[in-house]
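Biologist: I have a few questions about how the labels in this model were assigned. Could you take me through them?

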Amino acid sequence: MSELALAAFAAETGSHVVRTPRDRAFRVFARGFDEDAYLARLRADGVQWVARSAPEFPPLLHAIHDPPPGLFVRGSADVELLRSATVAVVGARSCSPYGAQVARMLGRELGRAGLVIVSGLARGVDGEAHRGALESGGLTVGVLGCGIDRDYPAAHRELAARIRATGLTVSEYAPGVEPAPWRFPARNRIIAGLSAATVVVEARDRSGALITADLALEEGRDVFAVPGEVTSALSAGTNDLLKLGAAPLTGSADVLEVFGLTGAEAETVELGGWAESVLARLRDGPATPDELARATGLDAGALASALTELELAGCAVAGGGVYRAN
Amino acid sequence: MGWVLARTITHALVGLETRRVEVEAHLENGVPGFAIVGLADRACQEAKHRVRSGIASAELDWPMRRITVNLAPAALRKEGSAFDLPIALAILAASGQIPRDSLDDHAAVGELALDGRLRPVGGVLALAEAALGAGLPRMLCAARSSPEAALAGIDPVPVRHLADAVAYLRGELVPEPWVPRNGHLADAPGHDLADLRGQERARRALEVAATGGHNLLLAGPPGTGKTMLARRLPGILPPLSPEEAIEVTRIHSVAGMLAADRPLVTARPLRSPHYSATVAALVGGGPGPRPGEVSLAHRGVLVLDEFAEFQRPALEALRQPLEDGVVAIARVGGRAVFPARFQLVAAMNLCPCGARGDPAADCKCSPQRLSAFRDKLSRALLDRFDLVVAMPRPRAAELAAPPGEASEPVRRRVAAARERLDVARAEWTKEATELLDRAVERLPLSGRGRARARRVAETIAALASEPAVGTEHLSEALAYRSPTELGAP
């Protein structure tokens, strides 16, 4: 029985199918299924099909206890990409500026070091991780929780297109499958399954990102959690992971070490004297312009100018009126 | 005698413009009656009753004849109560109680009370200017309106009671000039910047905005001083020039908002409409178009608090006045144009729940709500703000800080920098131009964003009294670009 028939049957009936069902409905469907015509349609839409039994199916994903029948793949990169060194960066959709910054930084630095960033194309941490990877010229894979022909959420349509320009988007769901809440945990097992290591950036209690982490732990993969403030609800999930024994992530080097890599040297930038002293204060923690003015003794105008210099050099980012070192 | 005719000249307001109106009274024998013709609205029709009681109260005779009053030209819609006095005078002239030629070089305007006293009406300044333009050297008006009429250069005749007007026109009395009871008031002390603690960046942005006339958007959680700061902008702007004061007074007079003892508006207006304001309330409208908030804020400051809560159509309607400095309202009867050259200061939260930018609170907005919130502020509208400043919640230490700089020294710096801006356009150093190109790619900055950064950098250079825009001026200007929370710059 072909795996493609399983995927097509799942799409047809709106169900989730991993093993061959034994009911009549499937036997009837399989008898009438024209695999060649279906593949031709997929090719016409620029979608590739990688069956579970095919040699190019990523071995890491094959190793999980319920691998999908196969993957639908879109993008300019070769399917080989899924077999290279991959790391998942996942987290809350409504993340804090801190979460967004860390996700972006990880995407950028891990991407620059040659790792493939896998994430779920969602808002918040996922999107930032993808963007960080793209920024550094790294490769990235977006795993969808809906049909391969859909870009969900719609706000990330452009991001999905940018990912496909150099990397891939993949899904276990055939074209036409609508996004549904229950499909996202299933999608998370693919993110965890594809990746040798998983980093959770920010997660509330019972967040979807924790499902990804649990699945990764079950498969014996490396799981990192980014420590957060103990008072922040957005870090409750990640701090719990740390309590349970996940490795704390204090920098991209922690992840690179697992892969036996070292970070690419970040280019050094020359900063003005004012900018240097502002950056020194920012390294102690995020601060509002007023706090920076008090710490450095600069007036509002000179401080604004120094902060822009830091932003342009990529040394600082602003969010909600608060600046933090990058 | 079969019939007699008399007329008075007055003017009607159409928006801020005026049209000459001749009030003709026609008396003939027949069944006594009183009709007003010539497209008079309800308030104007009710003049019948006020005029009849007024004449009786002044112990004059109501002619027991058939009276027709025509307001010409008949095709122009007449509104309001300003025609009471001209109608009464025309009837009195027609019935021979005042010399008919005495009205030839007088304009008349005012509303009659039932006891014959004359009440002030709106728009006297514009009406007096029109009367003078029509070659009438004197204007009969309510005593309280006379200082306002005098601003136009006309010779006002302050009328307290209809009997005074009659006595004056008969040559029996010269009315006493109106002396405001409180004398001349100094401008009430406004809000001072010293009241605001911390928020140095926002204060600096306010100073830059005042210097360059830039529109300013303040964004941050509630209680960070956004509104306080916005209300302090007029206090650091230079005072109105005499011509500007007349312009502003004309608009406020038409809107009926002049204080009785202050005929001339000398302080820069500050308007802050509530966010439930309709399109008509903001930009003006109504059947006989009335100026909206944007025109009342002409030469002053329009503060829109809770900017994101305004109705989308109301916000979009702001784009024309922001661009052109005028509001044009088309009506069947013609087009009214109101000046609306104001400086906009808007304040808003960074997200619907208001917790963004507040380290002590956790934003609970769903992504859908956030994106709807951002969508409401169209790109085109955000592009009108040269300066956008996020105001995070200050920590306790900030609030314990000593009071900030007072408005007066800031006002002096602004005035000096404004003069420098008027004299010459700023040069750009090579380094600054290069930095701008780099920023456009790096940030990234749209075409409009680039133009905004240029304008603001030139203002900052003027504040620093530098002849050329340097990198430090441009990089400060770039710090005031729209933050990513509100969509890309």
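Modeller: Happily; here is the reasoning behind a few labels, and keep in mind that this is a predicted model.

Biologist: What makes α18(B) and α20(B) roughly parallel to each other?

Modeller: Their axes cross at roughly 30 degrees, and angles under 35 degrees count as roughly parallel, so that is the term for α18(B) and α20(B). The two axes also come within 8 Å.

Biologist: Which residues meet there, and of what class are they?

Modeller: From α18(B) come B:Glu431, B:Ala432, B:Leu435, B:Leu436 and B:Ala439, which meet B:Thr471, B:His473, B:Leu474, B:Ser475 and B:Leu478 of α20(B). By class, this contact has six nonpolar, three polar and one charged residues.

Biologist: Which helix gives the largest share of the side of chain B that touches chain A?

Modeller: That is α20(B), with five residues. In total, 29 residues of chain B are in contact with 21 residues of chain A. Helices α7, α14, α18 and α20 of chain B each supply at least two residues of that side. Its classes are eleven nonpolar, six polar and twelve charged residues.

Biologist: How do you know whether B:Pro234 is buried or exposed?

Modeller: A residue is called buried if 20 or more other C-beta atoms lie within 10 Å of its own. B:Pro234 has 21, so it is buried. B:Pro234 sits in the loop between α8 and α9 of chain B. Beyond its neighbours within four places in sequence, B:Pro234 is in contact with residues including B:Gly190, B:Ala267 and B:Val301.

Note on methods
Residues numbered from 1 in each chain as written. Chains lettered and ligands numbered in written order. Predicted model: local features only at pLDDT ≥ 70, side-chain atom pairs only at ≥ 80, totals over all residues. Axes fitted to C-alpha atoms, helices over the stretch in contact; angles between N-to-C directions. Helix = DSSP H or I, 4+ residues; strand = E, 2+ residues; numbered from the N terminus. Parallel < 35°, antiparallel > 145°, perpendicular 65-115°, else oblique. Contact = placed C-beta atoms within 7 Å. Nonpolar A, V, L, I, M, F, W, Y, C, P; charged D, E, K, R; others polar. Buried ≥ 20, exposed ≤ 12 C-beta atoms within 10 Å, placed from the backbone.
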